[in-house]
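This report describes selected features of one protein model, moving from a helix to its salt bridges, a cavity and the surface. The sequence and structure are shown first.

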Amino acid sequence: MKILKNYFYNAAYQIFTLIVPLITIPYISRVLGPQGVGINTLTNSTIQYFVLLANLGLTTYGQRQIAYKRKNMSSASKEFWGIETLSIVTTAFSLLCFIGLMFFIDKYRTYYFAQAFLILASAFDVSWFFMGLENFKITVLRNFIFKILSVAMIFLFVKNDNDLIVYILIISVLTVFSNLSLWPYLKKYLVNIKLKDIQIKKHLIPAFQLFIPQIAISVYSILNKVMLGHLDTVESSGYFDNSDKIIRIFLTLLTAFSTVMMPHIASSFINGEQRKIRRYINQGMKIALFFSIPLAVGIVCVSPDFVPVFFGNKFLPVVNVMSIEAIAVVPIACASILGAQYLVPVNKNNQYTISILGGALVNIVINIPLIKFFSASGAAAATVISEVVVTLIQVKYTQKDLDIRPSFSEVYKIIISCIPMGLFIKIISGMTTPSLFAIAIEGVGGIFIYLVMLLLLRVDSVMDVMSMLKQRR
């Protein structure tokens with residue numbers, strides 16, 4: 001019940017975050033244009049490295065540690081203040097590094113400083129504490145309120161390409177206030193502890209172990225955009241960023257399950273409930289495949305209509321980029337289960353790190369030639385290949401403890417179900433001009449056909465979902 005409740009809280013928010021960009025991205029793409037979107041992408045992508053340094057893996061580490069200690073709030077309070085104090089120190093260090101970099105950068109300096117509020121926000125982010133307690137309601141409601149506020153301010157104050165700085169400030173400054181808004185809720189859970197009980201050093205090394213894979217992930221999630229901006233044009237960086245945003249938006253629905261399950265599996269691991277963990281992982285893999293394969297097919301088929309409607313005709317190159325990057329949805333969904341939902345909660349940080357570093361290494365090797373020859377489409381192809389490598393390495397590391405082969409037993413039925421779905425979307429696309437109505441028909445009709453096919457083929461994953469819903473009642 002608690003897992004399902006948290007999942008629906010998280011999934012509801014993820015659906016909301018899916019809808020919001022579908023409202024704002026078309027507006028921002030037209031108002032700021034390819035150059036404005038590209039400048040925002042380049043500066044934001046660079047700032048994300050300083051955000052990563054400020055975070056130092058503490059969000060994931062903190063969530064896991066609170067999950068371990070949540071039955072003893074005195075111990076949990078000591079963990080919280082030790083981790084939060086370390087977060088303030090790392091944020092201060094990251095800000096100093098950022099200021100040092102600014103002495104060597106002249107181009108877009110104003111935009112970089114506007115983005116820098118995102119670094120400051122890291123010091124105040126305590127969402128990991130509530131996630132560790134499996135209290136997703138507080139963080140979800142907070143995110144709802146500030147997301148709605150940001151949308152309203154974007155439409156009110158961003159009117160033309162001269163308002164790029166305003167757009168950046170709205171996002172970055174509101175992130176600071178969003179994180180601060182959680183602090184009043186802490187007094188309900190934390191107990192008073194002595195200053196001498198706050199330990200920082202013991203958290204540094206384990207958090208840093210989780211920081212390494214985050215840096216590696218950034219190689220093919222952030223560096224692609226930076227490299228495109230420098231090796232090609234800021235416009236191509238904008239093309240890739242718009243594609244990546246849409247892909248990541250849909251992926252949030254899949255990764256919502258991993259976010260909810262991570263503290264639960266961490267708690268099960270501490271209690272020695274291995275059989276329960278294996279059951280959760282296999283169910284998670286089935287659900288990941290059940291959603292990710294049709295999602296990838298749907299994105300490829302809908303993109304020719306989606307891009308001109310949502311981004312405008314100036315962003316037509318995004319069609320090819322999005323069609324290629326959509327393939328990455330499947331391995332990313334699988335890795336979110338094997339890595340974030342298993343390796344990290346059971347404290348197999350080294351294996352998790354090696355898998356991410358393997359993908360990053362492959363990405364570095366192939367990124368430059370692919371970007372040189374194929375621009376943004378090359379960066380998308382590099383992303384797909386890197387994600388496949390990560391997933392394969394994680395499969396290798398988990399096969400001794402987990403038998404995930406049953407999870408793939410009905411993949412062929414899912415693929416068969418996707419064929420008529422894809423054909424339907426293509427037929428509708430060929431009969432209509434790109435519009436919101438056409439996209440809606442393609443999406444709703446495609447989902448209906450996919451579900452009907454699954455029922456006709458009697459896919460077990462459908463029965464698993466139905467069973468979970470019945471248990472919730």
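In this predicted model, the buried residues of helix H7 are Phe-136, Ile-138, Thr-139, Val-140, Arg-142, Asn-143, Phe-146, Ser-150, Val-151 and Ile-154. Helix H7 spans residues 136-157, 22 residues in total. From its first C-alpha to its last it reaches 31 Å, close to the 32 Å expected at 1.5 Å a residue. An α-helix has 3.6 residues a turn, so residues three or four places apart point the same way.

The structure holds seven salt bridges. Among them are the following.

| Pair | N to O distance | Location |
|---|---|---|
| Lys-202 and Glu-79 | 2.8 Å | helix H9 and helix H3 |
| Asp-241 and Lys-245 | 3.4 Å | helix H11 |
| Lys-348 and Asp-401 | 2.2 Å | loop between H14 and H15, loop between H15 and H16 |

The salt bridge between Lys-202 and Glu-79 has its closest N and O atoms 2.8 Å apart. Lys-202 lies in H9 (residues 201-221) and Glu-79 in H3, so the pair ties together parts that are 123 residues apart in sequence. Glu-79 is buried, at 3% relative accessibility, whereas Lys-202 is partly exposed at 43%.

Asp-241 and Lys-245 are four residues apart in helix H11 (residues 234-270), so about one helical turn separates them. Here Asp-241 is buried, with 6% relative accessibility, and Lys-245 is partly exposed, with 28%.

The pair formed by Lys-348 and Asp-401 links distant parts of the chain, 53 residues apart. Lys-348 has a relative accessible area of 22% and is partly exposed; Asp-401, at 31%, also counts as partly exposed.

Turning to internal space, the model contains two cavities of 30 Å³ or more. The second largest has a volume of about 60 Å³. Its lining includes Ala-54, Asn-55, Leu-58, Thr-59, Asp-125 and Trp-128. Helix H1 (2-55), helix H2 (58-69) and H3 are the elements that give two or more residues to this lining. The largest share, three residues, comes from H3.

At the surface, Leu-96, Ile-99, Phe-103 and Phe-104 make a nonpolar patch of about 540 Å². Leu-96 belongs to helix H3 (residues 73-102). Because exposed means over 50% relative accessible area, Leu-96 counts as exposed at 60%.

Ile-447, in helix H17 (residues 436-456), is likewise exposed, with a relative accessible area of 52%. Its C-alpha is 9.9 Å from that of Gly-422, a residue 25 positions away in sequence.

Note on methods. Residues numbered from 1 in each chain as written. Predicted model: local features only at pLDDT ≥ 70, side-chain atom pairs only at ≥ 80, totals over all residues. Heavy atoms only, no water. Expected span 1.5 Å × (residues − 1). Buried < 20%, exposed > 50% of the residue type's maximum accessible area, 1.4 Å probe, protein only. Patch = residues over 30% accessible without salt bridge, like charges linked within 9 Å, V, L, I, M, F, W, Y side chains within 5 Å. Areas by Shrake-Rupley, 256 points an atom, 1.4 Å probe, with all protein chains shown as cover. Salt bridge = Lys/Arg side-chain N within 4 Å of Asp/Glu carboxyl O. 1 Å grid on protein atoms, 1.4 Å probe; cavity = no way out; pocket = protein on both sides within 12 Å on 5 of 7 lines; lining within 4 Å. Points joined across faces, edges and corners; volume = space filled by probe spheres on them.
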